[in-house]
Structure formats: structure tokens, C-alpha cells
Amino acid sequence: MAISVDSPEVSRNLMQQAGYTFPFLSDQKTEVIRRYDLLHAGAGENGTDIARPAELLVDKTGTVRWINLTENYFVRARPEDVLDKANLLE
Amino acid sequence: MDVRRLNWPLWAGFLLTLIGAFSYIAVFIWFPITRDFPWVNLLLFLVAAILLWKGVRRGFARDRVHPTRSKILTSIFTTLSVLIIALFLLSYFVFARLLPPSTGAPQVGQKVPEFTLPDSTARQVSLNELLTAPIDGKAPKGVLLIFYRGYW
């Protein structure tokens, strides 16, 4: 599922345009983003706070099994790699 | 127009610079192999640079029909091209890497913090619910949290 500072309306538009069916959560006050230490202060439009890109694979006990913190926001995890990691979950 | 008079390397170099810069967002960003490292764009810039160099030599040649005009045009478009290439390189190799260290992010083996946030229908969804609500009658094996910059 995806988390960003976008509002539910903005996420809905994106989901419709791109055809995504998984949940998109809105963290407009960056509370969760800060709790996960993924804040990128002032990096959004007009200097707003946003999340830095990150993917976390969490198992059913809530434990992190894999985390990807990219060094360059143009470079993201490739789906095949993520699926490989996900298939290792019991 | 007499082809000999037209400083075609200058214009070709400038055009290739524009293509090199805009094609990343328009085309190559959709394919991981060209998004993760913009090698096609760097190649285009290299060819553009060679053309621009030829264009400069031609534009500043003494046998130009309009030498002053040639120098001005050549200078403007070469400078513009250099700026565009510099901006691209800065954007990709510098600005995109200006990311916070995020050393406090959950590590492998740690439990992630619980949370509850509204989804796209404004319904409150908790992490616990995502981890336990059955999908097609089966319990989930886990969840992938994708934090992204937003503003799409």
C-alpha cells in the first residue's frame, strides 16, 4: 500500500488514472512519515514537507523483513526484486 | 537557402540537446533500465556537444556571410545548450540525491510503528487491519509499505 502527503482526493485521481487497486493512505500532517523517520523537510512544492521514497516489506507479525531507502529518487526498487522478497514471506 | 551558409551543426546540436533533456521525462523514465541511469540521454548530450563544437567553429569562421550575426546566434544557442545539459546533470546527479539519511527508519528485524490513516475514500485504515484482513479468504503474509513523494 502507498503512503504520501497527498490528500484522499488526489490519491483517488491517481488511482483512477493509473488503475491501481491497492490502498492509498493519506498522511497529510506527516505524522506517520515522521514516526518512520522518512521525512524530507521542505522538499515538496512550495517548500512543504513530504516523504522521501522508501519501500518496507512487513510480515504478518509487523516485523520489517526488507527495507529499500533509495539514494536517488529517480531510482526505485524494481517490481521483480520486490516480488522475490515478498515470496520469501511465510 | 544555401546549405553551405546554414550552420547546421549548431542547430542539430541544439535540437539534440533539447531531445536529450526532454526525452528522459517523456520516454526513458518509463523503463527501469534507462531510468535508473540516463545513459541514452548522456549519449545524446555527447553527440550534441560534438555538433555544437563544430557549430562554434563554423559560426565563428571568418568567411561567414554575416560574421557578427553568426557569432551572436552561435553564442546564444551554444550557451543555452550548455545550460540545459548542466541543468539535466544537476537535476539527476545532485538534486535527486539530496535525500535525508533517515537513520531512524525501522531496520530489518524491528517491529514497525502502528498507525491509522485515511484511505482514498477517507475511511480510517490501520496497519493492523491491513495485516489481518483476509484477501480472497486467505490471511495476508505481510504488507508492502510504499512511501512516495506525492504530488502526482
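Q: What share of the residues of chain B counts as buried?
A: This is a predicted model, so everything here is computed from it. Chain B has 152 residues, and the part of them that counts as buried comes to 24%.

Q: What is the radius of gyration of chain B, set against a compact globule of 152 residues?
A: Let's start with the yardstick: a compact globule with 152 residues would come out near 15 Å. The C-alpha trace of chain B spans about 80 × 35 × 25 Å along its principal axes. Its radius of gyration is 26 Å.

Q: In what order do the elements of chain B run from the N terminus on?
A: Chain B holds five helices and three strands. Reading from the N terminus, the order is α-α-α-α-β-β-α-β.

Q: Among contacts in chain B between residues at least 6 apart in sequence, what percentage joins residues at least 24 apart?
A: Here we look just at contacts whose partners sit at least 6 apart in the sequence of chain B. Within that set, the share joining residues at least 24 apart is 55%.

Q: Are α1(B) and α4(B) roughly parallel or roughly antiparallel to each other?
A: Helix α1 of chain B covers residues 8-26 and helix α4 of chain B covers residues 67-93; their axes lie 10 Å apart, at an angle of about 20 degrees. Angles under 35 degrees count as roughly parallel. Therefore α1(B) and α4(B) are roughly parallel.

Q: What is the handedness of the crossing of α1(B) and α4(B), and how many charged residues does their contact have?
A: The crossing of these two, α1(B) and α4(B), is left-handed. On the α1(B) side the contact includes L10(B), F14(B) and L18(B), while α4(B) brings F77(B), I84(B) and F88(B), among others. By class, the contact of α1(B) with α4(B) has nine nonpolar and four polar residues, and the number of charged ones is no more than none: no charged residues.

Q: How is α3(B) oriented relative to α4(B), roughly parallel or roughly antiparallel?
A: Helix α3 of chain B, residues 39-59, packs against α4(B) with the axes 10 Å apart and an angle of about 160 degrees. Angles over 145 degrees count as roughly antiparallel. So α3(B) is, relative to α4(B), roughly antiparallel.

Q: How many charged residues does the contact of α3(B) with α4(B) have?
A: α3(B) passes α4(B) in a left-handed crossing. Residues of α3(B) including N41(B), F45(B) and L52(B) meet residues of α4(B), among them K71(B), L73(B) and I85(B). By class, the contact of α3(B) with α4(B) has seven nonpolar and seven polar residues, and the charged count is one.

How values were computed. Residues are numbered from 1 along each chain as its sequence is written. Chains are lettered from A and ligands numbered from 1 in the order in which they are written. This is a predicted model: local features need pLDDT of at least 70, side-chain atom pairs count only at pLDDT 80 or more; totals for chains, interfaces and linings use all residues. Axes are lines fitted to C-alpha atoms, for helices over the stretch in contact, and angles run from 0 to 180 degrees between N-to-C directions. Helices (H or I, at least four residues) and strands (E, at least two) are DSSP runs, numbered from the N terminus. Angles under 35 degrees count as roughly parallel, over 145 as roughly antiparallel, 65 to 115 as roughly perpendicular and the rest as oblique. A crossing is left-handed if the near helix is turned anticlockwise from the far one by less than a right angle, and right-handed if clockwise. Two residues are in contact if their C-beta atoms, placed from the backbone, lie within 7 Å. Ala, Val, Leu, Ile, Met, Phe, Trp, Tyr, Cys and Pro count as nonpolar, Asp, Glu, Lys and Arg as charged, and the others, Gly among them, as polar. The radius of gyration is taken over C-alpha atoms; the globule rule is 2.2 Å times the number of residues to the power 0.38. A residue is buried if 20 or more other C-beta atoms lie within 10 Å of its own, exposed if 12 or fewer, and partly exposed in between; C-beta atoms are placed from the backbone.
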